[in-house]
Amino acid sequence: MARVEKTILVSRPVRTVYDQWTQFEEFPRFMEGVEAVHQLDDRTLHWRARVGGRTEEWDAEIVQQVPDQTIAWRRTLGARNSGVVIFTPVDAERTRVSLALEYDARGLVEKVGSALGVVSRRVEGDLERFKRFVEERGGESGGWRGEIKPTGEVTQHP
């Protein structure tokens, strides 16, 4: 499996940044190649994206989610990938977003692209677009404040 790690500083409070990230169905607005994300329940997402010139679909399960701190996932069906996003307040108005992604490059096009850093640049661009998306809006479009524990237990927070 290949691994990409990227970090960006967003000029918004951690709650705003985290809440916006939980709006998974808005990912196509700032993630290159992502055509759709459907949240099936609190823990399950269905993705459709253009990868290596073809459309891929997969399901991902959120395995841990702590408000204003972290969201971790793994694929359950389809393209192999997993990762974690960590939200760290720098001060009252700035948040560091760190993303680590592991994926399995399949086929010649994906393997060559991975070797040439295409995925790394795509992730970096996605984070830049997310930063602009959040900073230009001035606030989040929504937010889910629940917690998902590694045991699978989901706890709703007010």
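**Exercise 1. Starting from the bridge partner of valine 85 in β7, work out how strand β7 is placed in this predicted model.**

Solution. Leucine 99 is the residue of β7 that serves as bridge partner to valine 85. The next step is to identify the strands alongside: β6, residues 81–91, pairs with β7 in the antiparallel sense over ten bridges, and a hairpin of two residues joins β6 to β7. Strand β1, which covers residues 2–10, also pairs with β7 in the antiparallel sense, in this case over nine bridges, and within that pairing valine 10 stands opposite threonine 95. The last step concerns burial: of the ten residues that make up β7 (residues 94–103), seven are buried, so the strand is largely enclosed by the rest of the structure.

**Exercise 2. Determine how the rings of tryptophan 47 and tryptophan 58 are arranged, and which parts of the chain the pair ties together.**

Solution. A pair of aromatic rings is described by the distance of the centres and the angle of the planes. The count of aromatic pairs comes to eleven. For tryptophan 47 and tryptophan 58, the ring centres are 5.6 Å apart and the planes lie at 10°, and because planes under 30 degrees apart count as stacked, this pair is stacked. Tryptophan 47 belongs to strand β3 (residues 44–51) and tryptophan 58 to strand β4, so the pair ties together parts that are eleven residues apart in sequence. Both tryptophans are buried. Leaving aside residues up to four places away in sequence, tryptophan 47 touches nonpolar and charged residues, among them Phe27, Met31, Val34, Glu56 and Trp58.

**Exercise 3. Identify the residues of the largest nonpolar core that touch the most other members, and the helix that gives this core its largest share.**

Solution. The core holds 34 residues, and those that touch the most other members are Trp21, Phe24, Phe27, Trp47, Phe87 and Val97. Helix α3, which spans residues 118–137, contributes the largest share, namely five residues. Ring pairs, taken separately, link a cluster that includes Trp21, Phe24, Phe27, Trp47 and Phe87, together with residues such as Phe130 and Phe133. Helix α3 also carries glutamate 128, which is partly exposed at a relative accessible area of 36%, and the C-alpha atom of glutamate 128 is separated by 8.5 Å from that of phenylalanine 30, although the two residues are 98 apart along the chain.

**Exercise 4. For the salt bridges of glutamate 56 and arginine 29, state the partner and the burial of each residue.**

Solution. The count of salt bridges comes to 16. Glutamate 56 meets arginine 54 with an N to O distance of 3.0 Å; glutamate 56 is buried at 7% relative accessibility, whereas arginine 54 is partly exposed at 32%. Arginine 29 bridges to glutamate 26, where the closest N and O atoms are 3.4 Å apart; arginine 29 is exposed at 57%, while glutamate 26, at 17%, is buried.

**Exercise 5. Decide where the coordinates call for caution, given the pLDDT of residues 107–117.**

Solution. The chain has a mean pLDDT of 86, and 89% of its residues reach 70 or more. Over residues 107–117, however, the pLDDT is below 50, and this stretch has 14 contacts in the model beyond near neighbours in sequence. Where pLDDT is low, the predicted coordinates should not be read in detail.

Technical notes: Residues numbered from 1 in each chain as written. Predicted model: local features only at pLDDT ≥ 70, side-chain atom pairs only at ≥ 80, totals over all residues. Heavy atoms only, no water. Buried < 20%, exposed > 50% of the residue type's maximum accessible area, 1.4 Å probe, protein only. Helix = DSSP H or I, 4+ residues; strand = E, 2+ residues; numbered from the N terminus. Pairing = 2+ DSSP bridges. Phe/Tyr/Trp six-rings, centres within 6.5 Å; stacked < 30°, edge-to-face > 60°. Core = buried A, V, L, I, M, F, W, Y, C linked by side-chain atoms within 4.5 Å. Contact = heavy atoms within 4.5 Å. pLDDT = per-residue confidence, 0-100. Salt bridge = Lys/Arg side-chain N within 4 Å of Asp/Glu carboxyl O.
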